[in-house]
Each structure stands twice: as C-alpha cells, then as structure tokens.
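User: Please take a close look at the salt bridges in this model, and describe how the charged partners are placed.

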Amino acid sequence: MKTRLTKSEFAVMEVLWDEGEELTSAEIIQKSKEREWKDSSIHLLINSLLRKKVVTVAGFKKTTKNYARTFVPVETREQFLVGQIIDDKTPTEDKKGIYSYIIGKESDPELINYIEKLLEERKKELKIKRQSRRGQKLSE
C-alpha cells in the first residue's frame, strides 16, 4: 500500500536513511541540515510516521538526564520509493511500462550490465523455487 508523506515527514525519513542508525528525536533535529525543527514539531512528525508505520521504535538511549526513544525506518529508502509506484495491486502492463521507462533512461553500460546480472540471478532463483514446488507436489 502506498504511504503518502508530507515534505517534513519525508525530510525526517531522509535523515534516518542517510544516517543508517537509530536516532533520538534530538539527534534527528541535530543532523537535519535543511530544517530547524522545534522539539514539539519533531515529536508530532515522529508520531505521524509511527502511525503511518514507516518508522518504528528501535530502543532507548541515555541522554543527559533521561532515556529517549530511538527510531529507525521500517524500509530502506529504495524499498519505500519503489513501493510508492509499484505494489501487489499494480497491473502487469503498468509494471512493464515502469520497467521499460527506467531501463530506457539508463545510459551507463556498466549499470546496464549490472541490471542484466540481477535479472539472470532472479531468473535462477525463480527456477529453483518452481523446481522445489514441483518436487514437493510429487512427494505428496
């Protein structure tokens, strides 16, 4: 399911993705280069991201006097962004168009070779899965 984020929510997510570690709300404020959030604003944003299930509480960190919750993204940046355009309900024809467009925009031969390698590996994985399922059906 596609999750819509506000610009501010997305900015918080970018800090979490860029840092690659669990952060407290104070650390998110500190590491935000483009924004200057107040404590009350960051708490509202984090609570909204928690409700939308795009971040989760990872644990707690000792701060100067108290313990503060730490947060991490539920998905990687790539997983989230792809999920904005493709999900389980996306028709095959739409997926074909999306993949064609992305591949058609690529001009780096090294990256095209990398994509080809990924596709070959995926084909092998799917072939092994099909063979495994056939083997299970025969043994039943």
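Analyst: At 29% relative accessibility, Glu14 counts as partly exposed, because the value falls between the 20% limit for buried residues and the 50% limit for exposed ones. The model in which this residue is examined is a predicted one. Glu14 forms a salt bridge with Arg77, and the closest N and O atoms of the pair are 3.3 Å apart. This contact links distant parts of the chain: Glu14 belongs to helix α1 and Arg77 to helix α4, with their positions 63 residues apart in sequence. Arg77 is likewise classed as partly exposed, its relative accessibility being 22%.

In total, the structure holds 9 salt bridges. Another of them also involves helix α1: Lys52 pairs with Glu9, the closest N and O atoms lying 2.7 Å apart. Glu9 is in helix α1 (residues 7–19), while Lys52 is in the loop between α3 (39–51) and β1 (55–62), so the pair ties together parts that are 43 residues apart in sequence. The two partners fall into separate accessibility classes: Glu9 is buried, with a relative accessible area of 4%, whereas Lys52 is partly exposed at 30%.

A further salt bridge is found within a single helix. The side chains of Lys123 and Glu120 meet at 3.4 Å, N to O. Both residues lie in helix α6 (residues 109–139), and because they are 3 residues apart there, about one helical turn separates them. Lys123 counts as exposed, with a relative accessibility of 51%, and Glu120 as partly exposed, with 43%. Elsewhere, salt bridges that share partners join Glu14, Asp18 and Arg77 into one network. The pair formed by Arg77 and Glu14 is thus seen again in this wider arrangement.

Turning from charged to nonpolar side chains, Ile85 may be considered together with helix α4. Ile85 lies in this helix, which spans residues 77–85, and helix α4 also contains Arg77, the partner of Glu14. Ile85 is partly exposed, with a relative accessible area of 44%. Together with Tyr99, Tyr101, Ile102 and Ile103, Ile85 makes a nonpolar surface patch of about 530 Å². The largest share of this patch, 4 residues, comes from helix α5 (residues 92–105).

Notes. Residues numbered from 1 in each chain as written. Predicted model: local features only at pLDDT ≥ 70, side-chain atom pairs only at ≥ 80, totals over all residues. Heavy atoms only, no water. Patch = residues over 30% accessible without salt bridge, like charges linked within 9 Å, V, L, I, M, F, W, Y side chains within 5 Å. Areas by Shrake-Rupley, 256 points an atom, 1.4 Å probe, with all protein chains shown as cover. Salt bridge = Lys/Arg side-chain N within 4 Å of Asp/Glu carboxyl O. Helix = DSSP H or I, 4+ residues; strand = E, 2+ residues; numbered from the N terminus. Buried < 20%, exposed > 50% of the residue type's maximum accessible area, 1.4 Å probe, protein only.
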